Amino acid sequence: MQGFEAFKLNKQLLSAIEALGYQSPTPIQQEAIPLVLAGHDVIGIAQTGTGKTAAYVLPLLMKVKYAQGVHPRALILAPTRELAVQIGDAITGFTQFCDLRHTVIYGGTGAKPQIEALQAGIDILVATPGRLMDLYLKGEVYLREIKTLILDEADKMMDMGFMPQIRRVLEIIPTKRQNLLFSATMSEKVIQLSEEFLEFPARVEVTPQATAAETVSQSLYHLPNLRTKIDCLSYLLSDEERFNRVIVFTRRRQIAEDVYRFLLRKLGEDAVRVIHANKGQNTRLNAFEDFRAGNIRVLVATDVAARGIDVSMVSHVINFDVPLVYEDYVHRIGRTGRADQRGEAITFVTMAEEYHIQKIEKLIKTKIPVAQLPAAVEVYPTPFAERQAMLREIDNQRKREDPAFQGAFHEKKRFPPKQTKKTAEQQKNKAKRRRR
Ligand code: AMP
């Protein structure tokens with residue numbers, strides 16, 4: 001594979017690449033860098049972890065060249081604060097030997113230092129759409145000199161409802177400019193957006209849509225209920241050497257919180273943090289930074305909170321439950337096995353989740369191997385209510401597949417002792433009351 005020299009980047013950039021320890025370009029960099037340098041509009045389909053940031057930042061830095069004036073000439077939009085900060089960090093790394101200036105603006109924190117940074121003069125602006133519009137409407141940011149617009153994780157931005165802000169930005173910035181759009185998936189919405197604002201884009205794609213990262217070895221455990229899942233998680237995490245940097249994903253905030261509390265008791269405060277949408281931005285960012293720095297071993301996260309997380313050397317991703325947005329599975333496991341390291345993704349599956357796993361297997365065109373449950377994991381009986389809830393879910397899944405399906409939930413007759421008894425009793429009482 002050719003090295004970075006072949007792109008004819010300047011000396012300062014090549015030195016920075018060397019200082020960062022990159023030896024050769026990743027496939028997305030290989031494909032995208034020459035196109036961006038040649039001035040094309042580009043649509044890049046690549047997940048976090050593929051090296052997509054450098055794929056657009058390096059040629060952008062060549063284009064912006066040197067510090068000039070006060071107002072930004074390039075604008076990078078990202079859906080979350082975490083991703084925006086990460087992009088900012090990447091730019092800091094690549095500009096360590098030149099004088100290019102950039103700043104990152106995002107919501108959830110005071111605007112004053114951000115405004116001051118803008119006033120001091122910058123060449124590249126990294127922003128989340130909401131804060132950008134806030135500051136624009138206050139007259140604090142001038143966008144008429146933008147010559148390059150980059151949308152990173154465009155699919156996420158649209159999922160998060162940023163489309164109106166993006167449209168607004170498109171109206172404000174000069175029409176003569178280069179546009180780059182990066183997205184993990186090529187959804188219908190992304191196609192629409194690209195038609196709206198890219199001109200004859202070249203398309204580069206490194207991971208065919210929804211193909212799970214090849215460097216990740218995947219497996220799943222069939223587990224009957226929540227309590228057994230907890231026991232299994234606890235068993236796995238007791239191997240500190242192997243499970244040395246772990247993200248535990250959960251579908252919902254409450255489960256994230258429950259799992260976190262359990263792990264907190266078991267592993268102690270120094271080992272685990274949780275991030276979900278209810279946590280303040282700062283708490284989230286701190287947890288994430290601590291995890292990234294290797295100060296804590298386990299991070300519990302919901303899908304939404306984990307958007308854009310880039311942590312290298314994650315040893316394991318554990319899916320405590322199966323995501324219902326099937327593409328999130330690909331995003332989740334993409335957190336491990338980054339930049340050529342091997343990673344492991346383990347998924348816990350109850351009987352109600354098998355349906356979703358089958359859908360995911362179809363999407364990733366891979367059968368996820370089933371692992372034998374370690375003997376040390378205690379299998380607990382399933383509480384009645386949990387079992388009923390799962391059966392109801394399975395019923396709904398069957399109805400979704402076959403609208404003519406009448407529902408088999410009357411199967412509950414098979415496990416009813418308590419409830420029917422109660423109901424019978426209740427009925428008797430009711431009848432008594434009526435007679436009175
Ligand atoms: P990204 O997909 O841009 O979030 O990058 C994922 C990780 O890979 C980041 O930690 C980058 O620093 C790293 N990375 C990007 N390009 C390369 C490269 N060519 N060689 C080694 N590591 C890289």
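## Close-up views of a predicted model

**View 1. The residues around the ligand.** By class, the shell around the ligand is made up of 8 polar, 4 nonpolar and 2 charged residues. Please keep in mind, here and in the views that follow, that this is a predicted model. In all, 14 residues surround the ligand. If you would like a place to start looking, the closest are Tyr22, Gln29, Gly49, Gly51 and Thr53.

**View 2. Polar contacts to oxygen atoms of the ligand.** Which part of Tyr22 lies 2.5 Å from a ligand oxygen atom? In Tyr22, a polar side-chain atom sits at that distance. Gly51 approaches with its backbone instead: one of its N or O atoms lies 2.7 Å from an oxygen atom of the ligand. Lys52 also takes part through its backbone, with a polar atom there 3.2 Å from a ligand oxygen. On its own the ligand has 490 Å² of accessible area, and the protein covers 81% of it.

**View 3. Strand S12 and its two neighbours.** Strand S12 takes in residues 316-319. Follow the side chains here: His316 and Ile318 point one way, while Val317 and Asn319 point the other way. This is a nice example of a general pattern, since side chains in a regular strand alternate between the two faces of the sheet. Are these four residues of S12 buried or exposed? All are buried. S12 pairs with strand S9 (residues 246-250) in the parallel sense, over 4 bridges. Strand S13 (residues 343-349) also runs parallel to S12, and 4 bridges join these two. His316 is a handy landmark for both pairings: Val246 stands opposite His316, and so does Glu344 in S13.

**View 4. Strand S13 and its pairing with S8.** Why is S13 described as largely enclosed by the rest of the structure? The reason is that 6 of its 7 residues are buried. Besides its pairing with S12, S13 pairs with strand S8 (residues 216-222), again in the parallel sense, this time over 7 bridges. To find your way between S8 and S13, look for Val216, whose bridge partner in S13 is Gly343.

**View 5. Two lysines with positive phi.** Lys8 is not a glycine, yet it has a positive phi of about 60°. You will find Lys8 in the segment before helix H1 (11-19). With a relative accessible area of 68%, Lys8 is exposed. Lys365 also has a positive phi, of about 50°, without being a glycine. Lys365 belongs to the loop between helix H14 (354-364) and helix H15 (384-401). Its relative accessible area is 71%, so Lys365 is exposed.

**View 6. Tyr380 in the loop between H14 and H15.** The loop between H14 and H15 also holds Tyr380. Tyr380 counts as buried because its relative accessibility is 18%, and the cut-off for buried is under 20%. Where is Asp231 relative to Tyr380? Along the chain the two are 149 residues apart, while their C-alpha atoms are separated by 9.0 Å.

**View 7. Two cysteines and the disulfide count.** How many disulfides does the structure hold? The count is 0. A disulfide, as a reminder, is a covalent bond between the sulfur atoms of two cysteines. Cys232 has a relative accessible area of 0% and is therefore buried. Cys98 counts as partly exposed because its relative accessibility is 25%.

Conventions. Residues are numbered from 1 along each chain as its sequence is written. This is a predicted model: local features need pLDDT of at least 70, side-chain atom pairs count only at pLDDT 80 or more; totals for chains, interfaces and linings use all residues. Side-chain values use heavy atoms; hydrogens and water are left out. A residue is near a molecule or strand if one of its heavy atoms lies within 4 Å of it. A polar contact is a pair of N or O atoms within 3.5 Å; within protein, one must be able to donate a hydrogen and the other to accept it, and residues adjacent in sequence count only if both atoms are side-chain atoms. Accessible areas come from the Shrake-Rupley method with a 1.4 Å probe; for residues, only the protein chains shown count as cover. Ala, Val, Leu, Ile, Met, Phe, Trp, Tyr, Cys and Pro count as nonpolar, Asp, Glu, Lys and Arg as charged, and the others, Gly among them, as polar. Buried means under 20% relative accessible area, exposed over 50%, partly exposed in between (1.4 Å probe, protein chains only). Two strands pair if DSSP finds at least two bridges between them. A disulfide is a pair of cysteine sulfur atoms within 2.5 Å.
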